[in-house]
Amino acid sequence: MELIDINKDSIGLIIPVKYSKARADLSLLEKCLDSVYGKCFNKNNIKVFIGIDEGDQQTTNYVKEVISGKSYVMQLKFYYRPKKDNFVQNFYEFGAHLSPCDFFWCLGEDVEILTNNYDVVIGNAVRVFRRKLEEAAHTNILSQRMLNTFIPYITVGGEGINGLPNGTNNYCNFPILSKNFSHEGSIFPPYLFAWGVDSYLAKVYEGLLGNGIDFTIDLRDLLKIKHSSPHLGDFPKDNVFALQERRSSMHGWSDKVYGDEIQKSLDFFTRTIGVPS
């Protein structure tokens with residue numbers, strides 16, 4: 001099996017412990033990490049970063065008692081963050097900058113990876129996409145500019161998640177992004193608090209597609225995950241989920257509120273890539 005280029009296509013997995021810390025059963029985290037390492041082809045292709053709230057002794061104890069006995073424990077990187085309302089900046093933005101990888105995948109401890117050798121699936125897809133741009137860049141200005149910017153939007157499939165940005169409010173809940181995706185020094189806009197990043201990205205990439213810039217790498221049929229959530233009835237809503245819902249209602253998604261901000265990001269990337277007239 002072909003290995004991915006670790007210098008170009010390594011993958012950082014950002015995994016905040018956002019739900020399970022309020023529950024007596026912390027097995028979600030164990031299942032997630034077992035799938036991350038059990039399903040990958042080469043552990044050198046991935047870097048895993050686990051975010052935990054400062055003062056979350058329950059999760060810390062669980063890591064010491066259960067996760068520390070795993071064969072992969074020495075490969076895990078833990079980071080502790082003070083409790084803040086802006087969950088996205090506090091965990092995903094911070095975690096993405098911790099990672100040395102060119103690509104990162106925003107996951108959660110409520111996600112299991114189902115596809116064997118997913119690291120190779122991702123790496124090969126990126127390599128093929130890049131190669132097509134390289135071949136077209138000799139005669140196509142837009143392909144050349146896309147290659148220089150290179151911000152692919154990698155979608156995955158599975159249980160409890162949506163698909164592609166196609167104008168029907170479908171989007172990928174757990175996309176894989178290039179670290180080149182950055183606007184005004186931040187990968188994710190600071191106005192996105194509880195989540196909403198999936199909706200934001202779908203809107204931006206949908207807009208780019210409307211301008212003839214297709215950065216989507218569709219892996220929905222090749223890369224499957226399972227997302228467990230109170231939304232899906234996998235377990236009862238608890239106080240942590242209730243807090244997330246309150247944050248979402250206060251700071252959550254709204255086309256009316258964030259439409260101008262999305263347009264700013266879209267304009268930025270369109271200018272950066274440069275659509276030929």
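**Fold overview and two unusual backbone spots**

Of the contacts in the chain between residues at least 6 apart in sequence, 79% link residues at least 24 apart. That figure, like everything below, comes from a predicted model. Secondary structure adds up to nine helices and eight strands. The chain has 277 residues, and 54% of them are buried. As for the outside, the accessible surface is about 12500 Å², with carbon and sulfur atoms accounting for 49% of that area.

On to the cysteines. Cys32 has a relative accessibility of just 1%, so it falls in the buried class, which is set at under 20%. Cys106 lands in the buried class too, with a relative accessible area of 4%. The disulfide count for the model is zero.

Then there is the backbone. Most residues other than glycine have a negative phi. Asn117 goes the other way: it is not a glycine, yet its phi is positive, at about 60°. This residue sits in the loop between strand 5 (111-113) and helix 5 (118-137). With 24% relative accessibility, Asn117 counts as partly exposed, because the buried class stops short of 20%.

Phe150 also has a positive phi without being a glycine, in this case near 50°. Its place is the loop that runs between helix 6 (141-149) and strand 6 (153-159). Phe150 has a relative accessible area of 6%, so it is buried, whereas Asn117 is partly exposed.

Conventions:
Residues numbered from 1 in each chain as written. Predicted model: local features only at pLDDT ≥ 70, side-chain atom pairs only at ≥ 80, totals over all residues. Heavy atoms only, no water. Disulfide = S-S within 2.5 Å. Buried < 20%, exposed > 50% of the residue type's maximum accessible area, 1.4 Å probe, protein only. Helix = DSSP H or I, 4+ residues; strand = E, 2+ residues; numbered from the N terminus. Contact = heavy atoms within 4.5 Å. Areas by Shrake-Rupley, 256 points an atom, 1.4 Å probe, with all protein chains shown as cover.
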